[in-house]
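Me: Hi! Could you walk me through this fold? I'd like to begin with how the strands go together.

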Amino acid sequence: MKFIYPAIIRKEENGTFKATFPDLACCEATGDSLDDVIEKANEAAVGWLELELSEDMPMLPPVTDKDDLVLQEGELVRDICANVKFYDGWEE
């Protein structure tokens, strides 16, 4: 199943990049470049979603519209697409 959540990305003072997800509590990633942080943000989102979906009663948050996000100077938004595979025992 495919999930798409926006990530807010900013360049830190030390030159690294940090991504946070306004919809996924405590889900974030850091990387040495923009491409690196996007890749790591995808991994973080997949992990967050897999954990939530493993719960007895998963509660996936609604997706915030990118137009509703308030950005600080220098921040940008990227949609992160997380593909989560369901295994035996999952009924759709």
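Reply: Happy to. Two strands count as paired if DSSP finds at least two bridges between them, and the strands themselves are DSSP runs of E with at least two residues, numbered from the N terminus. Do keep in mind that this is a predicted model.

Me: Ok, which residue stands opposite Lys11?
Reply: That would be Phe17, in β2. The two strands, β1 and β2, run antiparallel and are joined by four bridges.

Me: And what happens in the hairpin between those strands?
Reply: Five residues lie between β1 and β2 there, and one residue, Gly15, takes a positive phi near 95°.

Me: How many bridges do β1 and β4 have?
Reply: Eight, again in the antiparallel sense. If you want a landmark to look at, Tyr5 stands opposite Ile80 of β4.

Me: What about β2 and β3, parallel or antiparallel?
Reply: Antiparallel, over four bridges. Here Thr20 stands opposite Glu28 in β3.

Me: While we're on β3, which side chains point to which face?
Reply: They alternate. Ala29 and Gly31 point to one face and are buried, whereas Glu28 and Thr30 point to the other face and are not buried. In a regular strand, the side chains alternate between the two faces of the sheet.

Me: Does Glu28 do anything with its side chain, then? I mean, what does Glu28 form a salt bridge with?
Reply: Its partner is Lys18, and their closest N and O atoms are 3.6 Å apart. Lys18 belongs to strand β2 (residues 17-20) and Glu28 to strand β3 (residues 28-31), so this pair ties together parts that are ten residues apart in sequence.

Me: Is that pair buried or exposed? Take Lys18 to begin with.
Reply: Lys18 is buried, since its relative accessible area is 18% and the cut-off for buried is under 20%. Glu28, on the other hand, is partly exposed at 44%.

Me: How many salt bridges does a search of the whole structure find?
Reply: Four. One of the others joins Lys66 and Asp79, with 3.4 Å between the closest N and O atoms. That pair links distant parts of the chain: Lys66 sits in the loop between α1 (34-53) and β4 (76-83), while Asp79 is in strand β4, 13 residues apart. Both ends are partly exposed, Lys66 at 40% relative accessibility and Asp79 at 42%.

Me: Nice. And where does Arg10 come in, which side chain does it meet?
Reply: Arg10 meets Glu12 in a salt bridge, at 3.5 Å from N to O. Arg10 is partly exposed with a relative accessible area of 29%, and Glu12 is partly exposed too, at 25%.

Me: Switching topic: how many residues does α1 have?
Reply: It has 20, and it reaches 28 Å from its first C-alpha to its last, close to the 28 Å expected at 1.5 Å a residue.

Me: Which residues in α1 are buried?
Reply: Among them are Val37, Ala41, Ala45, Trp48, Leu49 and Leu53. An α-helix has 3.6 residues a turn, so residues three or four places apart point the same way.

Me: What covers the buried residues of α1?
Reply: The cover includes β1 (2-11), β2, β3 and β4.

Me: Now the core. Which residues touch the most other members of the largest nonpolar core?
Reply: Phe21, Leu24 and Leu49, out of 20 residues in that core. β1, β2, α1 and β4 each supply at least two of its residues, and α1 gives the most, with seven.

Me: What is Leu24 in contact with, leaving aside its neighbours in sequence?
Reply: Beyond four places in sequence, Leu24 is in contact with Tyr5, Ala45, Trp48 and Pro61.

Me: Last one: how many disulfides?
Reply: Zero across the whole structure.

Me: Why is there no bond for Cys27?
Reply: Because the closest cysteine sulfur, in Cys26, is 9.0 Å from the sulfur of Cys27, which is too far. Cys81 is in no disulfide either, as the nearest cysteine sulfur, that of Cys27, is 14 Å away.

Me: And are those cysteines buried or exposed? Cys27, say.
Reply: Cys27 is buried, at 6% relative accessibility. Cys81 is partly exposed, with a relative accessible area of 29%.

Key. Residues are numbered from 1 along each chain as its sequence is written. This is a predicted model: local features need pLDDT of at least 70, side-chain atom pairs count only at pLDDT 80 or more; totals for chains, interfaces and linings use all residues. Side-chain values use heavy atoms; hydrogens and water are left out. Buried means under 20% relative accessible area, exposed over 50%, partly exposed in between (1.4 Å probe, protein chains only). The expected span of a helix is 1.5 Å times one less than its number of residues. Contact means heavy atoms within 4.5 Å. A disulfide is a pair of cysteine sulfur atoms within 2.5 Å. A nonpolar core is a set of buried Ala, Val, Leu, Ile, Met, Phe, Trp, Tyr and Cys residues joined through side-chain atoms within 4.5 Å.
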